[in-house]
Amino acid sequence: DPNSEIRRYGKKIFEMNFKRLFRFFFASQFPKLALSLRLRSTNTLASDYFLKLFIDTVKYREENAVRRNDFMQILIDLKNSKEGLGLELTELASESFLFFGGGFETTSTTITYALYEMAQNHEIQSQLRDEIEQVLNENDNNLTYELLSDMKYLNMVISETLRKYPPIPLTMRRSTEKFRIPNTLLDVPEGISVFIPTLGFHHDPKYYPEPDKFIPERFTEENIQTRPAFSYLPFGEGPRNCLGMR
């Protein structure tokens with residue numbers, strides 16, 4: 001139901017205006033001051049809705065002994081374990097909120113752009129369809145996570161979609177120590193925020209010739225090895241990369 005409550009509030013997470021944009025950048029640059037001012041960079045209606053939804057869900061599962069094999073259950077088990085680290089419900093709710101938000105719009109956006117490119121490139125569309133039909137026919141039409149992972153051309157198409165249309169066009173990180181940018185005289189001081197231009201890397205012809213063209217073969221194993229690892233960053237990189245990569 002496109003008009004369901006969770007759908008409406010999910011969309012509000014991504015509604016942006018100047019006020020929210022200002023709060024987001026203020027909180028990222030002055031986190032302690034933003035915390036003392038109780039500054040909220042997320043949509044108030046959306047965050048309040050998901051906080052209540054999380055607390056009500058935890059209460060229902062615990063009172064009715066309901067267990068499910070999902071992310072929510074992992075958080076509940078963490079809360080109730082001896083190693084719970086004293087995490088409050090609101091902290092666990094924020095993890096749930098991040099998990100939901102990170103997979104909500106980004107996934108639908110990527111699928112939309114992939115389908116758009118399939119409509120523009122019929123040969124790619126046919127090759128992709130042949131692979132999907134072959135894999136399904138060989139496995140009695142039982143689709144699993146493992147089978148999806150084995151669809152090499154499908155993964156190449158998705159990777160090229162994320163290259164051309166990264167849902168998050170830049171990645172922000174805070175430096176933990178002074179760093180000299182290689183081949184320059186420029187130092188990045190400790191504690192400063194750095195914006196990494198994902199979209200710029202993905203459209204740099206030095207790494208991706210004819211960057212405006214949709215070419216899934218850029219992501220064969222052989223071609224991947226010819227590029228620097230950090231020239232492709234749809235999920236960021238390192239220990240704080242995006243869970244959505246899976």
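Helices (H or I, at least four residues) and strands (E, at least two) are DSSP runs, numbered from the N terminus. This is a predicted model, where local features need pLDDT of at least 70, side-chain atom pairs count only at pLDDT 80 or more, and totals for chains, interfaces and linings use all residues. Residues are numbered from 1 along each chain as its sequence is written, and side-chain values use heavy atoms, with hydrogens and water left out.

**View 1. The whole chain, with its 11 helices and 4 strands.** Let's start with the overall picture. The C-alpha trace spans about 60 × 50 × 35 Å along its principal axes. Of the 246 residues, 28% are buried, where buried means under 20% relative accessible area, exposed means over 50%, and partly exposed is in between (1.4 Å probe, protein chains only). The accessible surface of the chain is about 17300 Å², and carbon and sulfur atoms own 58% of that. These areas come from the Shrake-Rupley method with a 1.4 Å probe, and for residues only the protein chains shown count as cover. Take the contacts (heavy atoms within 4.5 Å) between residues at least 6 apart in sequence: 55% of them join residues at least 24 apart.

**View 2. Helix α6, residues 89–120.** This helix has 32 residues and reaches 47 Å from its first C-alpha to its last, close to the 46 Å expected at 1.5 Å a residue. The expected span is 1.5 Å times one less than the number of residues. Among the buried residues of α6 are L92, A93, S96, F97, G101 and F104. What covers the buried residues of α6 includes α1 (5–12), α4 (44–64), α5 (71–80), α7 (122–138) and α9.

**View 3. Where α6 meets α9 (residues 152–164).** Two packed helices are described by the angle between their axes and the distance between the axes. Here the axes come within 9 Å and cross at roughly 105°. (Axes are lines fitted to C-alpha atoms, for helices over the stretch in contact, and angles run from 0 to 180 degrees between N-to-C directions.) α6 and α9 are therefore roughly perpendicular to each other; that label covers 65 to 115 degrees, while under 35 is roughly parallel, over 145 roughly antiparallel and the rest oblique. On the α6 side, look for T110, Y113, A114, E117 and M118, and on the α9 side for V157, I158, T161, L162 and K164. By class, this contact has 6 nonpolar, 2 polar and 2 charged residues. Ala, Val, Leu, Ile, Met, Phe, Trp, Tyr, Cys and Pro count as nonpolar, Asp, Glu, Lys and Arg as charged, and the others, Gly among them, as polar.

**View 4. S47, a residue of helix α4.** S47 counts as buried because its relative accessibility is 14%. Leaving aside neighbours within four places in sequence, S47 touches R40, T42 and F97.

**View 5. Two loop residues with positive phi, R38 and A65.** Most residues other than glycine have a negative phi. R38 is not a glycine, yet its phi is positive, about 55°. You'll find R38 in the loop between α3 (31–36) and α4, and at 72% relative accessibility it counts as exposed. A65 is not a glycine either, and its phi is also positive at about 55°. A65 sits in the loop between α4 and α5, and at 69% relative accessibility A65 counts as exposed.

**View 6. G103 of helix α6 and G244.** G103 is partly exposed, with a relative accessible area of 36%. G103 and G244 are 141 residues apart along the chain, but their C-alpha atoms are separated by 6.3 Å.
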